[in-house]
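Visitor: I would like to go through this structure with you step by step, beginning with the ligand and the residues around it. Could you guide me?

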Amino acid sequence: MTKEIISKLAGENTPLYYYNLPLLRETISVAKNAADRYGYHIHYAIKANNNPRVLQEISKFGLGADCVSGYEIERAIDNGFKAEEVVFAGVGKTDREILTGLQNGILSFNVESVEELRVIGDLAKEHQLVGRIALRINPNVDAKTHHYITTGLDENKFGIMMHQLQTCVDIISENSFLELIGLHFHVGSQITDLNVYKRLCIKVNEWNTWFYERGYHIPILNLGGGLGINYAEPDEEAIVNFSNFFYLFHEFLDLRENQQVHFELGRSLVANCGTLVSRVLYIKEGIKKNFAILDAGMTELLRPALYQAYHKVELLSDKFIEQEEGKEVTKYDVVGPICESSDCFGKDVLLPKLQRGDLIGIRSAGAYGEVMSSRYNLRQELSYFFKE
Ligand code: LLP
């Protein structure tokens, strides 16, 4: 953040979400170019950040959208995403949401159970609309990430179990309003070990063969999202290595003729362009600890409280103070104002000596930050600042 922006922020209401739009554009452009190299398609997982301004920037690059509710579908379309490039996932789609998808002619329903498939089929027939289907297969691949964001194991609620696939294919063949267009996989989020994707490719190849041998043509293989970012070094690695990521699929996926490869990336596209900006309200000197009490808490950014997630905490103005020899640094537990002990952004964080009114940046908050905020404790509405 430049000195100029920090002085502008000093006049703003906090807590606020700061979005660096030039970095967002650069990230999307790097990702898109890397995917284009192999003709791959990206659907932006709008659950990661559905701020209209952010969506408008992303949709300009011609990405599709990955949605998990009827309202996400509507918001995606309202902000420039094409309906025919929307995919719709989620284990609990309501009838109303399914109709929203059918009436908008979305690219596919990523179907998660036999019963859901029957309901989509019935609604499609009743309304004489075509439902394009991608069967979400649970590949039983360990994403090696936090267990709350692991989705591709047998014990997880996601996807169709192997023994039910034939039933699904039969339901689709018997209903002319359903069209099988793809297979869908997603094993988890914040995946930093690319070997996980190698193992996923091996499973996808097996399933692709399973369908091929039974004479089904599958036009789209959707590999989901999950690519992790470097939360520890948001400046050194502001944009993840998308080239390595897509190259891996190029290396390990065995495609049949005329098959497209799609992805649903969320975090890796938006996380680093967002910073939660907060003010120090009070410094409390404890017996064993010093607490820096901020005006932002778990209501603005839930990830640390929910997943013990690390986000870099920094004093914004400090970057522009001359680094003097032996300048005083202190360890703080950086906490929010909410009446919960889990409302803590970091323990023993080394920071320059803080005082009331200092601006604090909580980094990499562009993904699963604003979208997971709440008004618990009847908190004030969030503010925003967009770097144009
Ligand atoms: N596709 C599906 C089917 C998903 O369930 C998800 C994320 C994505 C794509 C996008 O994954 P990404 O590229 O963003 O990792 N709230 C958690 C993350 C939950 C992810 C849910 N699914 C967090 O703050 O870490």
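Visitor: Which domains supply residues to the shell around the ligand?
Guide: This is a predicted model, and the answer rests on its computed contacts. The shell draws at least three residues from each of two domains. They are domain 1 (7-12 + 272-386) and domain 2 (21-271).

Visitor: Which secondary-structure elements each supply at least two residues of that shell?
Guide: The shell holds 19 residues, and among the closest to the ligand are Glu 264, Arg 303 and Tyr 307. The elements that each supply at least two residues of the shell are β9 (260-265) and α11 (303-307).

Visitor: How do the residues of the shell divide into nonpolar, polar and charged?
Guide: Ser 189 and Tyr 368 are also listed with the closest residues. Taken by class, the residues of the shell divide into six nonpolar, seven polar and six charged.

Visitor: How much of the ligand's accessible area does the protein cover?
Guide: Several polar atoms lie beside the ligand: a backbone N or O atom of Gly 266 is 2.9 Å from a ligand oxygen, and an N or O atom in the side chain of Tyr 307 is 2.7 Å from a ligand nitrogen. A polar side-chain atom of Tyr 368 lies 2.6 Å from an oxygen atom of the ligand. Of the 590 Å² of accessible area that the ligand has on its own, the protein covers 91%.

Visitor: Is Tyr 368 buried or exposed?
Guide: Tyr 368 is found in the loop between β15 (359-362) and β16 (383-387), and its phi is near 55°, a positive value in a residue other than glycine. Its relative accessibility is 16%, and the cut-off for burial is under 20%, so Tyr 368 counts as buried.

Visitor: Gln 128 has a phi near 55° too; is Gln 128 buried or exposed?
Guide: Gln 128 is found in the loop between α6 (114-127) and β6 (131-136). Its relative accessible area is 56%, and a residue over 50% is classed as exposed, so Gln 128 is exposed.

Visitor: How many aromatic pairs does a search of the whole structure find, and how are the rings of Phe 211 and Tyr 216 arranged?
Guide: The search finds 18 aromatic pairs. The rings of Phe 211 and Tyr 216 have centres 6.2 Å apart and planes at 65°, so this pair is edge-to-face. Phe 211 is buried, with a relative accessible area of 0%, whereas Tyr 216, at 25%, counts as partly exposed.

Visitor: Why is the pair of Phe 246 and Phe 263 edge-to-face, and which elements hold these residues?
Guide: The ring centres of Phe 246 and Phe 263 lie 5.0 Å apart, and their planes are at 75°, where angles over 60 degrees count as edge-to-face. Phe 246 is buried, and so is Phe 263; they also belong to one aromatic cluster that includes Tyr 38, Tyr 40 and Tyr 197. The two residues are 17 residues apart, and the pair links helix α9 (residues 242-252) with strand β9.

Visitor: Which residue's side chain makes a polar contact with the side chain of Gln 259?
Guide: Gln 259 lies in the loop between α9 and β9 and, at 11% relative accessibility, counts as buried. A polar atom of its side chain lies 2.8 Å from the backbone nitrogen of Arg 256. The side-chain partner, joined by a polar contact of 2.9 Å, is Asn 208.

Note on methods
Residues numbered from 1 in each chain as written. Predicted model: local features only at pLDDT ≥ 70, side-chain atom pairs only at ≥ 80, totals over all residues. Heavy atoms only, no water. Near = heavy atom within 4 Å. Polar contact = N/O pair within 3.5 Å; in protein donor to acceptor, adjacent residues only side chain to side chain. Areas by Shrake-Rupley, 256 points an atom, 1.4 Å probe, with all protein chains shown as cover. Helix = DSSP H or I, 4+ residues; strand = E, 2+ residues; numbered from the N terminus. Nonpolar A, V, L, I, M, F, W, Y, C, P; charged D, E, K, R; others polar. Domains from an automatic or database assignment. Phe/Tyr/Trp six-rings, centres within 6.5 Å; stacked < 30°, edge-to-face > 60°. Buried < 20%, exposed > 50% of the residue type's maximum accessible area, 1.4 Å probe, protein only.
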